[in-house]
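Here are some short exercises to work through with the structure open beside you. Try each task before you read its solution.

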Amino acid sequence: MIKELFQDFCTVIKKHGNPSAIFVVILLISVVLAEMILGIGCPIHYITGINCPGCGMSRALFQILRLDFRGAFLFHPLWWMLPVLAVVWFLRESGRISCKTYNRFLWLFCILFLVVYLYRLLDPSNDIVRA
């Protein structure tokens, strides 16, 4: 079982090991470093002045790195969906789940993000999306 998963992982890496994937990884690392060095809480809000549905997600993931799960949940209650999304994407790419199941998960992911975003915007005591 583990050997099969490792082979599937290698197949997915070979399939997506193109320059654009490397560019995306470098871009994400650059954003994280900019947040850490410059102290920018949210790059999208910093550049555009508009909050996004993922507002607080980076800060939540930094809290996870510190093993502060309560703090992570307060910054963004859907922080746990990112690792789940990565696993579901891997399962889809390795052919272990159908495209239909994958699409259903993506729709659920988007709807949950929208619900959390709207709740946070309408809750006057929530200052995460106003940070």
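**Exercise 1. A helix and its span**

Compare the reach of helix 7 with the expected span.

*Solution.* Helix 7 has 24 residues, and from its first C-alpha to its last it reaches 35 Å. At 1.5 Å a residue, 34 Å is expected, so the two values are close. Keep in mind that this is a predicted model. You can repeat the step for helix 6: it has 13 residues and reaches 18 Å, close to the 18 Å expected.

**Exercise 2. The buried side of helix 7**

Find which residues of helix 7 are buried, and what covers them.

*Solution.* Begin with accessibility: Tyr102, Phe105, Phe109, Phe113, Val116, Tyr117 and Arg120 are buried in helix 7. Next, look at the surroundings: the cover over these buried residues includes helix 4, helix 5 (69-75) and helix 6. Helix 6 has buried residues of its own, namely Met81, Leu85, Val88 and Phe90.

**Exercise 3. Ring pairs**

Count the aromatic pairs, then classify the pair Phe105 and Phe109 and the pair Phe109 and Phe113.

*Solution.* With ring centres required to lie within 6.5 Å, the count comes to three aromatic pairs. Phe105 and Phe109 make one of them: their centres are 6.3 Å apart and the angle between their planes is 25 degrees, so this pair is stacked, the cut-off being under 30 degrees. The rings of Phe109 and Phe113 have centres 4.8 Å apart and planes at 45 degrees, so that pair is tilted.

Now place the residues. Phe105 and Phe109 both lie in helix 7 (residues 99-122), four residues apart, or about one turn of the helix. Phe109 and Phe113 are likewise four residues apart in helix 7. Why does such a spacing put side chains on one side? An α-helix has 3.6 residues a turn, so residues three or four places apart point the same way.

Finally, join the pairs: they link Phe105, Phe109 and Phe113 into a cluster. Phe105 is buried. Phe109 counts as buried because its relative accessibility is 12%, under the 20% cut-off. Phe113 is buried as well, with a relative accessible area of 12%.

**Exercise 4. The largest nonpolar core**

Identify the residues that touch the most other members of the largest nonpolar core, and the helix that gives the most to this core.

*Solution.* The core has 14 residues, of which Ala72, Leu78, Trp79, Met81, Phe105, Phe109 and Phe113 touch the most other members. Helix 4 (57-65), helix 6 (81-93) and helix 7 each supply at least two residues. Helix 7 gives the most, with five residues. For a closer look, pick Met81: leaving aside neighbours within four places in sequence, Met81 is in contact with Phe105, Phe109 and Leu112.

**Exercise 5. Positive phi angles**

Locate Leu67, whose phi is positive, and decide whether Leu67 is buried or exposed.

*Solution.* Leu67 is not a glycine, yet its phi is positive, about 65 degrees. Leu67 sits in the loop between helix 4 and helix 5. Its relative accessible area is 64%, so Leu67 is exposed. A glycine with positive phi is Gly95, near 80 degrees, which follows helix 6.

**Exercise 6. Cysteines**

How many disulfides does the model contain?

*Solution.* With sulfur atoms required to lie within 2.5 Å, the count comes to zero disulfides. Cys99 is partly exposed, with a relative accessible area of 38%, and Cys110 is partly exposed at 48%.

Note on methods:
Residues numbered from 1 in each chain as written. Predicted model: local features only at pLDDT ≥ 70, side-chain atom pairs only at ≥ 80, totals over all residues. Heavy atoms only, no water. Phe/Tyr/Trp six-rings, centres within 6.5 Å; stacked < 30°, edge-to-face > 60°. Buried < 20%, exposed > 50% of the residue type's maximum accessible area, 1.4 Å probe, protein only. Core = buried A, V, L, I, M, F, W, Y, C linked by side-chain atoms within 4.5 Å. Contact = heavy atoms within 4.5 Å.
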